[in-house]
Amino acid sequence: MGWEAGNDWAPSLLKAARYRDTDGQPSAVPVAADQREVTIEGLEPGRKYKFLLYGLLRGQHLGPVSVLGMTAPEEDMPAPSHLATEAPEPSEGPRLGALAVKDVSPDSLHLSWSVAQGPFDSFVVQYQSTGGEPQALLVGGDQNKVLVSGLEPSTSYKFFLYGLREGKRLGPVSAEGTTGPAPAGQTPGEPGPRLSHLSVTDVTTNSLRLSWEAPPEAFDSFLLRFGVPSLSTLELHPRPPLQRELTVPGTRRSAMLWDLSPGTLYTLTLYGLRGPHKADGIQGTARTLSPALERPRDLQFSEIGETSAKVSWMPPPSRVDSFKVSYQLADGGEPQSVQVDGRARTQKLEGLVPGARYGVTVVSVRGFEESEPLTGFLTTVPDGPTQLRALNLTEGSALLLWQPPQAPVDTYDIKVTAPGAPSLQDSAPGNAVDYPLQGLVLHTNYTATLHGLRGPNLTSPASITFTTGLEAPQDLEAKEVTPRTALLTWTTPQVPPTGYLLSFNTPGGQTQEILLPGGVTSHQLHGLFPSTLYSAWLRAMWDRSFTPPVSTSFTTGGLRIPFPRDCGEEMQNGVSTSRTTTIFLNGNRERPLNVFCDMETDGGGWLVFQRRMDGKTDFWRDWEDYARGFGNISEEFWLGNDALHSLTKAGDYSLRVDLRDGDEAVFAQYDSFQVDSADEYYRLHLEGYHGTAGDSMSYHSGSVFSARDRDPNNLLISCAVSYRGAWWYKNCHYANLNGLYGSTVDHQGVSWYYWKGFDFSVPFTEMKLRPRSYRPPGRGG
């Protein structure tokens, strides 16, 4: 497909060719602004397509222009160099006879033909309008004539007839005909009265009103033809249209069409008649309303628990695309919704509040249409105590500990049993969270069961099995203590436990717990704060039975900057090798962030926030993924737009981009780098380029960030979708470092235009920042 365009298109601008693929879905092919042709691949043989070409210029959507094209049949024969009035006679198979012209009028004529040997699936009549535009009419295989209308008076036309059979086009045969003279009072070439402003109103599921404008007394009558579209891009051999006609007096300017099919697109052609002749025509389309979408039926609930329930329903008789299941607390609350496939009949609701009444609705969805809701109510099971554990197991005692339910209880009922040992049954007040057990038998397996009571009702139970007489670990010590790490070691009991529970206090007053496997005798603590006193406790555990804890304390070492804000400050703590570490946003100990520091490039101090190296990490992601960050900071990753904003708003930072292709390495550095907040769509601000890679980023300064599911630029076809990335696109890019790794197609790769152009995907990239005021150690400042 080729086209012409003006010269005011920059290389970064975008055009797109759009069409419907073989499944009927809209498809688009992005085209660079300097292209004037494109090849559309992946089409089906013998099908007719309509292509639309759009242009984008300075943020404006231009066009479209359109063209029709039909792909060749799979075994199409070349057209004969000389067209004859009769087709060549093949040795076998169907063949056409003669084509004739009859019943000539000023603006129409009839074509009829014979079939020497048949049958054919359908026929195609082709001719050219007086303006040179190709025209085509599709005729059913059971017909042998057709009316060709909309012609010019006293004009000669040449018609070609092809027969279609099993995907092959046979023929053509041809005939010439001349239309009759213009009606009295109108000389050839003189425009007659015109029809205009064809409009549709009062549309229902089976009727509509058609209105138009025409000069007074210009026509004796009107002929209205309507039916379903005659050509389908989805059918190899489209069915002939089912046309209906309606004659309207020349004094009227509207007509009502009845007995139409619901939800159907109709083609409408209106002719103005003077006598029997068509003096003018106008066309349009209209679609009747779809019938009301029915709601689902037979709403039921099952598997109701404390925090979940299963919803089931029966679908309506009519087709649906999906169902929307919504639920909220019956006495008010934030509604939650989930969309499920139209074939689904059940959905599990999770995250419910125990002992609460919920209203649940299920709605049928088709396109943008939703049915009336099907509504029901369920009540979740009241919650009971959870996380029952047995602590401080000694020879004859233990401590039961549990997490209380969300809804308060009046009392707890406690029952402890063991084979061959006396059972125990007791109660505890409703505000209790533990219960001491005494007089237990050594080396005995006990089962404890705990219920809550609310009035006469019992909650769901919590239970545990534990063994008395278990031995605790010994000799807990802290070794190899650094400012941010410590190694804890211990001696295992004689009877190996199934695991350990390690607990230690944090500076914020919280206690952090870590579950460890039973075979270990040490554990490294990371992410500790410098110059801080820590206490740690270790319990041996058998399932949910725990020994009394052993404990130790230690103090971490000091640092020049205990909570560095970036890799520049981390360098001042004596770190000289590139590695992963923890910095603290704005120096706040409550906002740690794991990062990779490049301590070697150009004096070090660089905080790396993007890396591409092998294509193993998928960068074709949504807005939220880019906001939060993703990947492995030691391999391929994006640190996150929220983190970039927090870092750059706290000070003045420079940006460096390192690019490598084998032994070839270049860089681009910008003196000033800032990313705005999410409210500003992470808008980029850059200035002060120098380097060896060429300046491909300044073009993007001032641009907002866009991803495949969110484009604040509101372009018709978003740059992120066209170029398979997420970036500070303008319209569209000279750098695309989050593009499709390794791609050299349609400028979708990891590209840096002023180094390798659009058609090269850079194998290695790193984007990094550091304070503008940074001075490497030993260089002063």
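Are Y734 and F758 buried or exposed? Both of them are buried. Keep in mind as you look around that this is a predicted model.

**Aromatic rings**

Let's stay with those two for a moment. Searching the whole structure turns up 35 aromatic pairs. In the pair made by Y734 and F758, the ring centres are 6.0 Å apart and the planes sit at 25 degrees, so this pair is stacked. Y734 and F758 also tie together distant parts of the chain, 24 residues apart. You'll find Y734 in the loop between α4 (719-722) and β51 (735-736), while F758 belongs to the loop between α5 (753-756) and β53.

Why give two numbers for a pair of rings? An aromatic pair is described by how far apart the centres are and by the angle of the planes.

Elsewhere, ring pairs join up into a cluster, whose members include F609, F619, W623, Y626, F630 and W638. Also in that cluster are F673, Y681, Y682, F705, W727 and W728. F630 has a charged visitor too: R621 lies over the face of F630, at 4.2 Å from the ring centre. A similar arrangement involves Y162, where the charged end of R169 sits over the ring, 4.5 Å from its centre.

**Salt bridges**

Now for the charges. Side chains of opposite charge can pair when their charged atoms come close. How many salt bridges are there? The count comes to 24. Here are three of them, with the distance between the N and O atoms.

| Salt bridge | N to O distance |
|---|---|
| R165 and E166 | 3.8 Å |
| E570 and R579 | 3.9 Å |
| E766 and R611 | 2.8 Å |

How do the residues in these pairs sit? R165 has a relative accessibility of 25%, so it counts as partly exposed. Its partner E166 comes in at 62%, which means it counts as exposed. In the next pair, E570 is buried because its relative accessible area is 1%, and R579 is partly exposed because its value is 37%.

The third pair is worth finding in the 3D view. E766 and R611 meet in a salt bridge whose closest N and O atoms are 2.8 Å apart. This pair links distant parts of the chain: E766 is in strand β53 (residues 764-771) and R611 in strand β45 (residues 606-612), 155 residues apart. E766 is buried, and R611 is buried as well. Both belong to a network of salt bridges that links D598, R611, R656, D658, E766 and K768.

**Strand β20 and its partners**

Let's finish with a strand. Is β20 largely enclosed or not? Five of the seven residues of β20 (residues 308-314) are buried, so this strand is largely enclosed by the rest of the structure.

Which strands does β20 pair with? One is β19 (residues 297-302), joined to β20 in the antiparallel sense over four bridges. Across that pairing, F301 stands opposite V311 in β20. The hairpin of β19 and β20 has five residues between the strands, and in this hairpin E303 takes a positive phi near 50 degrees.

Another partner is β23 (residues 346-350), which also pairs with β20 in the antiparallel sense, this time over five bridges. To spot the pairing on screen, look for A309, whose bridge partner in β23 is L349.

Note on methods:
Residues are numbered from 1 along each chain as its sequence is written. This is a predicted model: local features need pLDDT of at least 70, side-chain atom pairs count only at pLDDT 80 or more; totals for chains, interfaces and linings use all residues. Side-chain values use heavy atoms; hydrogens and water are left out. Buried means under 20% relative accessible area, exposed over 50%, partly exposed in between (1.4 Å probe, protein chains only). Helices (H or I, at least four residues) and strands (E, at least two) are DSSP runs, numbered from the N terminus. Two strands pair if DSSP finds at least two bridges between them. A salt bridge is a side-chain nitrogen of Lys or Arg within 4 Å of a carboxyl oxygen of Asp or Glu. Rings of Phe, Tyr and Trp (its six-membered ring) pair if their centres lie within 6.5 Å; planes under 30 degrees apart count as stacked, over 60 as edge-to-face and the rest as tilted. A charge sits over a ring if NZ of Lys or CZ of Arg is within 6 Å of the ring centre and within 35 degrees of the ring normal.
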